[in-house]
Amino acid sequence: MSASTSYQPVLTEKSINPHVLNVEYAVRGELSNRANKYAELLASGDNEKVKKENGIRFDSVVTANIGNPQQQPYLAQKPLTFWRQVAALTEYPDLLENKSGTLSDLFPSDARARAEQILHDVGSVGAYSHSKGASSIRKHVAQYIEERDGHPSDPELIYLTAGASAGVQLLLSVVVSGPEVGVMIPIPQYPLYSAALAFNNCHAVRYELDADDDWAVDVAAMGRTVDEERAKGVDVRALVVINPGNPTGSCLTEANIQDILKLAHEKRLVVMADEVYQRNIYHPDQRPFISFKKVLRDFGKSGNAEEMELANQVELVSFHSISKGVSGECGRRGGYFELTNMDPKVEAQVYKMASVNLCPPLQGQIGVDLLVRPPKEGEPSYALWKEETEGIHETLKKRSRKMADQFAKLPGVKCGEAQGALYLFPEITLPPKAIEAAKKEERKPDLYYCLRLLDATGICVVPGSGFGKQPGPNGECFLRTTVLAKETDEFIQRFGDFHKSFLKEFEG
């Protein structure tokens, strides 16, 4: 065959699936790519030489753009000992046969027992499991939900997934039947949802959270939006709620959840409850986490006929993950969703779609088991597990408070204290000259600010527009930062020095 210069690539930007081009995922976009480049340069050799040659003005990159607690070396949350012991034993079962003193000390009896139980069910972590996930683990998830909510849970309606994200995408592939379908998402929202809806070529129907009321949901306004969109021909059929909130750090009240569920019943909306931050609660007495499943089922005890009917009719999908909480096992890709009040024929189609992917990762499934069934008081691993988990939780809580306090002291910055999750979402008012500078670079003002922040300090955050919260008419912008940076004081110092310098540059 002779060489030819006439060959044209099959795949070009014009020939690929056009919906891929509409997908945006801000937490790993331009800012993240630039931060990664800086990190690679700083790790490539003599720091001072690299900094001088590349005009870098900082010693390290702080990846505050994504909730990835165990990322090395800048966040570096230590893995929970019990988790890694069980994971190691399931990966290399021969260790269970070794009764030597050294290994016996390294692997406590309850870690060995847990590994043996898991292996008895799955056989090997290198084998496929049931498409819904290992039966015993799903039973443990059901027990966890029952203990949490005080209502029964059916393990056959629980699906283990490769992280909550995979579960969300699976459900949306079932919910969305065509381009006329609409799914309601909060603004600000986690960009997984807008990206998944863009890929599925359907309508993202926005509902605004109230920044002046702890980011509460205005249910009356949401109802009007449903009516308006349906009048335009949009088949609004599902509603996404993120609680505790990402990026807002809010936690919904029980009354707000009740109103949302009543609206879902009135307007016939499937509720998709993203509850992956349910362990990240900072004010449990004033604003505890309450699951949508509990509030929904509690309607059945109200004595009110309409509410009792609602409890058994509103279609609910609840999501959870091992990536957040205090475990931070993002890379293991483990999570689950539970179906409530779903038509059995639809559930059969969900199962079919889950089967297409064969099964979720086994180590992710094991992580779910450890999430919902931690060591109990009196067991050998309990004291260390309690010390580690309480330590992580308190550290996150202190970092969140300290960062919120310091943000709020900066000129032109407003930042409330987070009620939960791993983030802060401060509002920053930019001077008119900064907005003009952003226009010259054909960038949104919040992205311009965040890029300047990264270039000056090495701190990588995400602009509010990446979560759907667009800059306001008077220079109001938002950004999201995690509260995971281990050098919190240095983070605050770098950020504050940059912000004051930025305002001085564009003042007047």
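Start by colouring the two domains of this predicted model separately: their C-alpha centres, those of domain 1 and domain 2, lie 29 Å apart. To make the selections, take residues 18–77 together with 388–507 for domain 1, and residues 128–372 for domain 2.

Next, turn to the place where the two domains meet, and select the residues in contact there, which number 36 in domain 1 and 37 in domain 2. Between the two domains an area of about 3,000 Å² is buried, and carbon and sulfur atoms give 56% of that area. Within domain 1, show Gln419, Ala421 and Phe467 as sticks, since this trio supplies 23% of the area that domain 1 buries against domain 2, more than any other three residues.

Now select Lys469 and Glu208, whose side chains meet in a salt bridge with an N to O distance of 3.6 Å. How many salt bridges does the rule find across the interface of domain 1 and domain 2? The answer is one. If you then display polar contacts between the domains, the count is 17 residue pairs, with both residues at pLDDT 80 or more.

Finally, keep to the side of domain 1 that touches domain 2, and switch to a cartoon view in order to find the elements that give two or more residues to it, namely α1 (18–21), α17 (382–409), β11 (423–424) and β15 (476–482). Select α17 as the last element of the tour, for α17 gives the most to this side of domain 1, with seven residues. Coloured by class, the side of domain 1 that touches domain 2 shows 17 nonpolar, 13 polar and six charged residues.

Definitions and conventions:
Residues numbered from 1 in each chain as written. Predicted model: local features only at pLDDT ≥ 70, side-chain atom pairs only at ≥ 80, totals over all residues. Heavy atoms only, no water. Domains from an automatic or database assignment. Contact = heavy atoms within 4.5 Å. Buried area = accessible area lost by both parts, 1.4 Å probe. Salt bridge = Lys/Arg side-chain N within 4 Å of Asp/Glu carboxyl O. Polar contact = N/O pair within 3.5 Å; in protein donor to acceptor, adjacent residues only side chain to side chain. Helix = DSSP H or I, 4+ residues; strand = E, 2+ residues; numbered from the N terminus. Nonpolar A, V, L, I, M, F, W, Y, C, P; charged D, E, K, R; others polar.
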